[in-house]
Amino acid sequence: MGCGMSSDASAMPAGGAQAVMIMTVPPELEERVTKFWELHAKWMAYTHVSTGEKTCLFYHVCKGPEVEDFTSGPSAKKTGNVTFTITEFYATPAGLDTHFAMFAAGHAEMAEFGKEFGELMATGKVKFSGHGYGTTVASIGAAEFPPTYDGFKG
């Protein structure tokens, strides 16, 4: 398959264009922001395509407690905030271009999301960062890992 895609569905794509965003919110906004990203996912599923150069290869949103030192694992001190991480991966930059164009143009089905985004940011309590058109540094899918590993004896 082209565009860095593998014919093995369990292998991760490479190349293409991706957007990675992080939204950090206080606990009192967690439910509202969860609904916000659910609305975005609904819009993505309705308006994005699975074929051609604008293919969205995957879309993923996860949330969890923000921690001070992530490398501490489960014992990391929590800040009390909630972090949402959003990844969109397209076969080519044309897919991400279209995504941003729809948002900027106030695409009819995106109007509610855009309004809510503005209102959330206006609270002054939401931190939003990320990047678009990132370059893949490493990408490993389940099929690319060994079935077992016995080297760690910790």
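Start with helix α3, residues 111-122 of this predicted model. At 1.5 Å a residue, its 12 residues should span 16 Å. The C-alpha atoms at its two ends lie 17 Å apart, which agrees.

Which residues of α3 are buried? They are Phe113, Glu116, Phe117 and Leu120. Viewed down the helix axis, the buried residues of α3 fall within an arc of 105°, so they line one face. The spacing follows a general rule. An α-helix has 3.6 residues a turn, so residues three or four places apart point the same way. The face of α3 turned away from the buried side carries Lys115 and Ala122, both exposed.

What does the buried side of α3 pack against? Its partners are β1 (17-25), α1 (30-47), α2 (93-104) and β4 (127-132). After α3 comes Gly124, with a positive phi near 75°.

Now take one of those partners, α1. This helix has 18 residues. From first C-alpha to last it reaches 26 Å, close to the 26 Å expected at 1.5 Å a residue. Its buried residues are Val33, Thr34, Phe36, Trp37, His40, Trp43, Met44 and Thr47. They pack against three helix and strand neighbours already met, β1, α2 and α3, among others. Strands β2 (56-67), β3 (78-90) and β4 are also on the list.

How do α1 and α3 sit against each other? Their axes are 10 Å apart, and the packing angle is about 150°. Angles over 145 degrees count as roughly antiparallel, and α1 and α3 are therefore roughly antiparallel to each other. Their crossing is left-handed. On the α1 side, the contact is made by Arg32, Val33, Phe36, Trp37, Leu39 and His40. On the α3 side, Glu112, Phe113, Glu116, Phe117, Glu119 and Leu120 take part.

Glu116 deserves a separate look. This residue is found in α3. Is Glu116 buried or exposed? Its relative accessible area is 17%. The cut-off for buried is under 20%, so Glu116 counts as buried. Leaving aside residues up to four places away in sequence, Glu116 touches Arg32 and Phe36. Both of these residues belong to the α1 side of the helix contact.

Move next to strand β3, where Val82 is found. Val82 is buried, with a relative accessible area of 8%. Again leaving aside residues up to four places away, Val82 touches Met23, Thr24, Val25, Glu30, Lys63, Gly64 and Glu66. Its C-alpha is 10 Å from that of Glu31, although the two residues are 51 apart along the chain.

One backbone detail lies further on. Tyr133 is in the segment after β4. Its phi is positive, about 60°, although Tyr133 is not a glycine. Most residues other than glycine have a negative phi. At 39% relative accessibility, Tyr133 counts as partly exposed.

Finally, step back to the whole chain. The chain has 3 helices and 4 strands. Read along the sequence, the pattern is β-α-β-β-α-α-β. Along its principal axes, the C-alpha trace spans about 50 × 45 × 20 Å. Of the 154 residues, 30% are buried. How much of the contact comes from residues 24 or more positions apart? Among contacts with a separation of 6 or more, such residues account for 76%.

Key: Residues numbered from 1 in each chain as written. Predicted model: local features only at pLDDT ≥ 70, side-chain atom pairs only at ≥ 80, totals over all residues. Heavy atoms only, no water. Expected span 1.5 Å × (residues − 1). Buried < 20%, exposed > 50% of the residue type's maximum accessible area, 1.4 Å probe, protein only. Arc of directions from axis to C-beta. Contact = heavy atoms within 4.5 Å. Axes fitted to C-alpha atoms, helices over the stretch in contact; angles between N-to-C directions. Parallel < 35°, antiparallel > 145°, perpendicular 65-115°, else oblique. Left-handed = near helix turned anticlockwise from the far one by under 90°.
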